[in-house]
Amino acid sequence: MSGYYLALALRSLKRNVVLTTLMIAAIGVGIGASMTTLTVFRAMSADPIPQKSSQLFVPQIDNWGPIDHLGQSDDKLEDQIDYIDAMAFMNAHAAPHQAASYAVTFALTPADTQLKPFKAEGRATYTDFFSMFDVPFQYGGPWSAADDQGRVPVVVISHELNEKLFAGANSVGRTINLDNEDYRVIGVMRHWEPMPRFYDLTNDPFSKSAQVFLPFTRAIDRQMASWGNTNCSKRADSGWDGLLRSNCIWIQYWVELPDAAAADGYRRWLNNYALEQTRSGRFQWPAYTKLRDVRAWLRYQHVVSNEASILVLVSFSFLFVCLLNAMGLMLAKFMGRAADIGVRRALGANRREILMQCLIEAGVVGLAGGLLGLALTGLGLLGLRSLLSKEALELTHLDLPGVGIALVLAVSAAVIAGLYPTWRAAQVQPAWQLKAQ
Amino acid sequence: MLKMTHLSKVYRTEVVETYALRDFSIHVRAAEFVAVTGPSGSGKTTFLTIAGLLEEFSGGAFELDGVDVHGMNDNARSRLRNEKIGFIFQAFNLIPDLNVADNVEVPLRYRGFGAAERRRRITQSLERVGLAARAKHYPAELSGGQQQRVAIARALAGSPRLLLADEPTGNLDTQMARGVMELLEELHRDGATIVMVTHDPELAVRAQREVHIVDGQVVDLAIQPRLVGGQRAQL
C-alpha cells in the first residue's frame, strides 16, 4: 500500500498548489536556515583526527604564576609553553611520543630559475610529529630521531609545494634553499590539511598547514624566530639566547598517550615536574598543570565560538516556528479533505490506513521541503563567503552526509509536524461526513 | 442478511439525550430489495450508517450476514464493511482527483487484491454500469447520472453481500434517476440484496417492500409485495 499512498500524496500535492507551495516553503526555509548554520557548525566542530583524538594531548603548565595571565582562558593557563619547559619535556621522554613545534617562515629560492623566490610557511618540529598526527607520505618519509639530535638540514615538504617546485615528481634527495641555506628533501607528504588545524591554534585555526617541515633543533640552531605568537610576562634578555632562557611562550607541545593509564601517568609526571620547578624556586607559586586531548583542546580554545552555537540554536528555533506553520497548513489541508477521508473510511479504510496515507503525504511534503532547503542552504553558504575565511569556507560545503542530514531532518520534521493533523484526519467520523452531505 | 433487534441509538450531551433510533427491529433477507422511508429527521440515515458499520449503536443487537457486530473494533468493522457492504450515496461521493477507474479501485485496494484482480474487477464493474469507455475520465467530466453509475460500479466492485443506497437519485433529474433505478432493479434481479433509503414514495414502491420510520421507530413493517421487473416478487 505504500506505493499507492505515495501516488495519492503526489496527486494531493498537485490538487491545491498554493497550500502545497506554502507548506513546502515553510519547511524549506526552516531547513535552509538550520542546515546553513549546522553545516558551518559541523565544519568548525569536526574532529580533525578522529582515529587518534583521544590519544593526543596538550600538556599545559603555569609558568607565569596566578597574577600574570594573558586572559584568554578561564583557568589562567596559557596555550603555549616556553623553551625551557619544552626542552625539559622532550628530554624527559615521559610519553611514548612527543613533539614540540613552532611556526617559522623563510624565503624559499627554487632551484628552477624560472620560478621566483617566495615566502614559504614552515614548522620546526621533531620526528614524532609525523607519526603522532598520522601524516601521510607520498615519497620518502620523516627524518629520524638521529637527524633531530644531529640538527641535520633536511625537510619534509607538502604535496602542494612539491607540485610547485618539482611538478609532482619524486623529489626525495633534491635540495631546496631556505634563507640561503640548502636543505635536502627527505619526504614528500600527501595532501594533509587537518581542519581545524588543531596542532597549532594560536593563529587562525582554519588556516592552511605548513609547506615545509624541518627539525626543531636545526631551526633553533639557525635562530629561526617564531612566526606565531610570542608572549612574555617579564622582559626577556636580549638576543636569541635571551629568548631561550626567558619565560616567553611560543612553542606548541603535543604528546601521544595510548590509553587512560598512560594519560594518568603523564598527568602525574607533569605535576611532579611543576612541583619540582616550585621547589627549585623557578616558580613562586603552587604547581598547576593540565592535560587535554584534542577534542577538549578544541573546546578549551573555543574553536567553535559561542556565537556559532547560539546561531545554530536560533536557526533550529526558527525551524520549529516554520514547522508550526507547516503543521497549521497541513491541518487545513487534511481537514479540507475530510469528505474524501469519510468516503475512504466508508469504503473500508481503517484509521491506521488513513494515518499512513496522511503521514506519507507529510513525508513527501517534507522531502520536497528538504530539497528546497538544500537549495537554500547552498545559497546561504554562498552568502557566508563574505563572513568566513577562504580556508574555513572550503570546509563549509554541503557534503553527502550533510545532504542526508538535511533530507532526513526535513522528512522527520514534516512527519512530526504532520502527526497532529494526521491524527485529526484519522478521527474523521465517516457517518458525520456522509450525513453532512 | 441484515438483522437488527430492539436496536437503539442515543446521542447524549451534558443536558439532553436524543434517541435517533428506539426499539428498532428489522430483518432484511438475502436478495431482498427494501426501501426505507420516513420524514426528514426520522432516523433513516442513522439506520443506514449503523447498518453500514459507520456508526456504533447504543443498545440492542445487530447481525450482518450472520456476524454479531457488537463490540467490534475499528479494524474488524472496517474489514467487514469492505468485504460485505457496498455504499451508494446521494452525493455520489467520488474522489475528485481520481479518475473513474481509480475511484472504483479504492475499496479493492483496501481489500488487498492484487493488480490483475483489481483490473479485472474494475473492468467488469464499469462494463456492468455501461461506463467502461469512461475509465480514464475524471468525475468532473461526467454527468450526475454517470457519476452515480460510477459510484454504483465502485459499490459493486468488491462483490458485496449488501448494497446500501442513501437517496441514490436525490441529486439527479428524473431522466437520470430513472436510469439509476433501472440499474438498481437490474442488480436486484441478478440477486443483489439492496437497502435503499428514500423519501420519494414513487421510488419506494419499486422496492419489494417498504419499511417506514417515524421518530426512530419502525411504524409499518407490513410486507407489501411490489411488482419487480414486471413480475410479482415471491417473499
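Here are some questions and answers on how the terms used for this predicted model follow from its values.

The model is predicted, so local features need pLDDT of at least 70 and side-chain atom pairs count only at pLDDT 80 or more, while totals for chains, interfaces and linings use all residues. Residues are numbered from 1 along each chain as its sequence is written, chains are lettered from A and ligands numbered from 1 in the order in which they are written, and side-chain values use heavy atoms, with hydrogens and water left out.

Q: What makes up chain A in terms of helices and strands?
A: Chain A has 16 helices and 10 strands. Helices here are DSSP runs of H or I with at least four residues, strands are runs of E with at least two, and both are numbered from the N terminus.

Q: Why is Gln98(A) called buried or exposed?
A: Buried means under 20% relative accessible area, exposed over 50%, and partly exposed in between, with a 1.4 Å probe and protein chains only. Gln98(A) has a relative accessible area of 3%, so this residue is buried. Gln98(A) sits in strand E2 (residues 97-109) of chain A. Of the 437 residues in chain A, 52% are buried.

Q: What does Gln98(A) touch?
A: Contact means heavy atoms within 4.5 Å. Leaving out residues up to four places away in sequence, Gln98(A) touches several residues, including Phe89(A), Tyr126(A), Asp128(A) and Trp254(A).

Q: What makes the approach of Gln98(A) to Ala95(A) a polar contact?
A: The rule asks for a pair of N or O atoms within 3.5 Å; within protein, one must be able to donate a hydrogen and the other to accept it, and residues adjacent in sequence count only if both atoms are side-chain atoms. The side chain of Gln98(A) reaches the backbone oxygen of Ala95(A) at 3.1 Å.

Q: How do you know that the length of helix H13 of chain A agrees with its number of residues?
A: The expected span is 1.5 Å times one less than the number of residues. For the 33 residues of H13 (residues 351-383) that gives 48 Å, and the end C-alpha atoms are 46 Å apart, which agrees. At the start of H13(A), a side-chain oxygen of Asn350(A) comes to within 3.1 Å of the backbone nitrogen of Arg352(A).

Q: Why is Ser159(B) called partly exposed?
A: Its relative accessible area is 47%, so Ser159(B) falls in the partly exposed class. Ser159(B) lies in the loop between helix H5 (144-157) and strand E7 (162-166) of chain B.

Q: What makes the phi of Ser159(B) worth a look?
A: Most residues other than glycine have a negative phi. Ser159(B) is not a glycine, yet has a positive phi of about 50 degrees. His6(B), also not a glycine, has a positive phi near 50 degrees.

Q: What makes the bond between Met195(A) and Pro196(A) a cis peptide bond?
A: Its omega is about -5 degrees. Most peptide bonds are trans. Pro196(A) is in the loop between strand E7 (181-189) and strand E8 (212-215) of chain A.

Q: Why is the pair Asp97(B) and Arg15(A) called a salt bridge?
A: The term needs a side-chain nitrogen of Lys or Arg within 4 Å of a carboxyl oxygen of Asp or Glu. Here the closest N and O atoms are 3.7 Å apart, so the pair qualifies. The count between chain B and chain A is 4 salt bridges.

Q: How many residues does each chain bring to the contact?
A: Chain B brings 27 residues and chain A brings 25 residues.
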